[in-house]
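Colleague: I've got the model open and would like a close look at one residue first. After that, walk me through the packing around it.

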There are 4 protein chains.
Amino acid sequence: MSRTKPAEERRADLLAAGQALFVAKGISATTLEDITNRAGVSKGLFYQYFRSKDDLVFALQEQFSDRFAERIRDATGGHTDWVAKLDACVQASFDCYRDLHDLHEVLFRHGGADHDHDPVHAGLALAIWELLEAGVAAGAYQVDDPETTAVLFYVTMHAFDSNVHGQRPPSDDRLLRATRSLFRRGAGVAEVIVAPDS
Amino acid sequence: MSRTKPAEERRADLLAAGQALFVAKGISATTLEDITNRAGVSKGLFYQYFRSKDDLVFALQEQFSDRFAERIRDATGGHTDWVAKLDACVQASFDCYRDLHDLHEVLFRHGGADHDHDPVHAGLALAIWELLEAGVAAGAYQVDDPETTAVLFYVTMHAFDSNVHGQRPPSDDRLLRATRSLFRRGAGVAEVIVAPDS
Amino acid sequence: MSRTKPAEERRADLLAAGQALFVAKGISATTLEDITNRAGVSKGLFYQYFRSKDDLVFALQEQFSDRFAERIRDATGGHTDWVAKLDACVQASFDCYRDLHDLHEVLFRHGGADHDHDPVHAGLALAIWELLEAGVAAGAYQVDDPETTAVLFYVTMHAFDSNVHGQRPPSDDRLLRATRSLFRRGAGVAEVIVAPDS
Amino acid sequence: MSRTKPAEERRADLLAAGQALFVAKGISATTLEDITNRAGVSKGLFYQYFRSKDDLVFALQEQFSDRFAERIRDATGGHTDWVAKLDACVQASFDCYRDLHDLHEVLFRHGGADHDHDPVHAGLALAIWELLEAGVAAGAYQVDDPETTAVLFYVTMHAFDSNVHGQRPPSDDRLLRATRSLFRRGAGVAEVIVAPDS
DNA sequence: GATGAATGAGTTTTCATTCAT
DNA sequence: TATGAATGAAAACTCATTCAT
């Protein structure tokens, strides 16, 4: 029975172990030993895959950006209706935030991280901006300042961060419905009347 | 000539030094030596004011909550018009976020911080909720789910965090105007037509 | 009873501990713990005086150069007779080598040490060269190439390195007498006839 | 097509790689990975040829002694004139030192190396001693203490170590001529007058 | 009150050596 | 033969905390 694994898999194990622990305990509270124990690997092997602990953080940042971009890209196509586009945007953002927001905070607030080059803010806000501009151009949306509104929409999605709510967080469903409603109003599209209990 | 200072002042120096360094470099990247150097004080003296480094973090959390609550309280009175109340809320939140958001992230994401008891989320979201409920009861606002909408409004204010924007951040004025507009629409109040340059 | 010591003394303790251990076991076979144990000090304190193990090596190199130069300087004055000058040179060199040669090898062969800037070679060879030139100018010595001969004299003194001899090393006295004789002949001065047993 | 090589060649590759790296960086600064990389071989294969890193050092010491002895032996015969013998000795020693001195220092100063059994010192000093004794017995040399003088001659040859000189090293020719002259004088033989350019 | 030298447990990092393939 | 992933003991280095002055 072999202890060896393909390099890609080992690297993935270490990335996964690091990510989980960093989110759970913070980066500097996580020791190399924590990581290698969780990955089921000796301390020495870590250094075959990463130059240092900081190198692991950097690799995680890259991985994060890649995954995030992919998600957003996939959510775009497939809708022609302008209201549906808005709703799809909400849903995709919801999924992203649920999965990735904590990780994002942990990774990009670390050390001397350069917030100005955070690829996530730029990426998502840009996507929303383009959507609003297109909708306005098509006469479907009515927004005075699409660029700034896009940023507002973007930050609104911090509501999907589960840490943001108090002791009685709203259900995901309520959250999504309220957000869809807010975005539609913010985009100036006629609201579909929805019965409160539907 | 003595280097002694009143205890309150010394304590304040240390709190200020800790806060500045924690925001700049993160809590665990900041050493006690950093803090005492910045405060112009010996390492030993630190322990006359705080039981440990963690104790300093805790003191900073308390200080934060106190200051935040104070700000919000001050912003409440003074308006009878429901739209003006909404606008005042935006302005007060803007000021708070500008000053305190980074600090909040650093302090309350630290270590085993108990997110459920973060006093800030609760405080601000509650204030907005109460405002919306009151406005709805008064027939001035039209909101299906005031509680959840309050949370959405609260998180929207992350836009005031200056780190959230890309390379071409909107001016504060644009930001405030867009937010006021969004909040009014979200509250379902008739939008006052505002000339772009007013 | 105090554990604290003046900084200079502590630094000297660490330098002395490092020097003794480096000579005895080699630099890389000596651990920080060896050094701090010998100096009767905790591991952490080492880093208040030296940035790293390499920094200690560097400090020892500097100390070495200083002490060596001092010794040679002191040995110069005090003789007017040209043969006596030569003999004094031999004696001073003997003392230096006995005390410092091993240390020199250990320190200056370490890592990427820059042999071209080894201050010891330069210093001692230069002193001998000046002596030979002066003696030749005074008509006391007869040497075709004083500069090169100085280097030869200098390296001859490696004989004082006790490691250089086989299983039956000559007595110090024999060594000194033979070296004096060789230097006199090399300088072309009339040899004083010495009875073998004197 | 196989990567296999005759065992002797592989062993030689590893010895050569080790020797080069040990001289360049020192023994303990050289990792097994350095060695196997330079030899173009896997880490595992190293242990088919050497029991350990120390075993490689030991093998290199043996190889060194063998080569050195061979050189000296070859240089001995072929001269009947006593002055020519002395000159041949100088030349052979020159060649040896040029090639092997650094290596010697690195190998024999390592770890718990037993300086008393260094075969090189013994070998060369012995050869010179025998030469001097023979010359004295033949009435050709005049030396009071041939044994000690032999050691002095031996250490004089450290001048051939290129690291020993300052920034303006003498040419090899000057060095050899000066050494020949010194040895002749030290042996008490009438100096042959040599024109500077001959 | 105030200092900063001293501590030592805890962390990161290195590398000779093993072993399944 | 040959490989290189994997190991783990040992080394370097950090820093919150203590304590004699």
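Colleague: How many C-beta neighbours does A:E130 have inside 10 Å, and does that make it buried, exposed or partly exposed?

Modeller: A:E130 has 13 C-beta neighbours inside 10 Å, so it counts as partly exposed (20 or more other C-beta atoms within 10 Å is buried, 12 or fewer is exposed, in between is partly exposed, with C-beta placed from the backbone). Keep in mind that this is a predicted model, in which local features need pLDDT of at least 70, side-chain atom pairs count only at pLDDT 80 or more, and totals for chains, interfaces and linings use all residues. Residues are numbered from 1 along each chain as its sequence is written, while chains are lettered from A and ligands numbered from 1 in the order in which they are written.

Back to your residue. A:E130 sits in helix α6 of chain A, residues 119-137 (helices are DSSP runs of H or I, at least four residues; strands are E, at least two; both numbered from the N terminus). A:A150 lies 20 residues from A:E130 along the chain, and their C-alpha atoms are 8.5 Å apart.

That fits into a helical chain: chain A has eight helices and zero strands, so to speak an α-α-α-α-α-α-α-α run from the N terminus on. Of the 198 residues of chain A, 31% count as buried. For contacts in chain A with a separation of 6 or more, 65% come from residues 24 or more positions apart (a contact is two backbone-placed C-beta atoms within 7 Å).

Next, α7(A), residues 146-156, which packs on α8(B) at about 65°, with the axes 10 Å apart (axes are lines fitted to C-alpha atoms, for helices over the stretch in contact; angles run from 0 to 180 degrees between N-to-C directions). The two are therefore roughly perpendicular (under 35 degrees is roughly parallel, over 145 roughly antiparallel, 65 to 115 roughly perpendicular, the rest oblique). On the α7(A) side you'll find A:T148, A:T149 and A:L152; from α8(B) come B:R174, B:L175, B:A178, B:T179 and B:L182. By class that contact has four nonpolar, three polar and one charged residues (Ala, Val, Leu, Ile, Met, Phe, Trp, Tyr, Cys and Pro are nonpolar; Asp, Glu, Lys and Arg charged; the others, Gly among them, polar).

Within chain B, α8(B) also meets α7(B). Here α7(B), residues 146-156, and α8(B), residues 172-187, pack at about 175° with axes 11 Å apart, and they are therefore roughly antiparallel. B:T149, B:F153 and B:T156 of α7(B) touch B:T179, B:L182, B:F183 and B:G186 of α8(B). That contact splits into three nonpolar, four polar and no charged residues. B:T179 and B:L182 therefore turn up against α7(B) as well as against α7(A).

While you're on α8(B), click on B:R185, which belongs to that helix. B:R185 is partly exposed, with 17 other C-beta atoms within 10 Å. Its C-alpha is 9.4 Å from that of B:Y141, 44 residues away along the chain.

Now the N-terminal helix. α1(A), residues 7-25, has 19 residues and spans 27 Å from its first C-alpha to its last, close to the 27 Å expected at 1.5 Å a residue (the expected span is 1.5 Å times one less than the residue count). The buried residues of α1(A) are A:L14, A:A17, A:G18, A:Q19, A:L21 and A:F22. Right after α1(A) comes A:G26, with a positive phi near 90°.

α1(A) packs against α2(A), residues 32-39, at about 125° with axes 8 Å apart, and the pair is therefore oblique. From α1(A) the contact uses A:D13, A:L14, A:A17, A:G18, A:A20 and A:L21, and from α2(A) A:D34, A:I35, A:R38 and A:A39. By class those are six nonpolar, one polar and three charged.

In chain B, the 19 residues of α1(B), residues 7-25, should span 27 Å at 1.5 Å a residue, and its end C-alpha atoms are 27 Å apart, which agrees. B:L14, B:A17, B:G18, B:Q19, B:L21 and B:F22 are buried in α1(B), and B:G26 just after the helix takes a positive phi of about 90°.

One last stop: B:K43, in α3(B), residues 43-49. B:K43 is exposed, with 12 other C-beta atoms within 10 Å. Leaving out residues up to four places away in sequence, B:K43 touches B:L32, B:E33 and B:T36. B:E33 is ten residues from B:K43 in sequence and 6.6 Å away, C-alpha to C-alpha.
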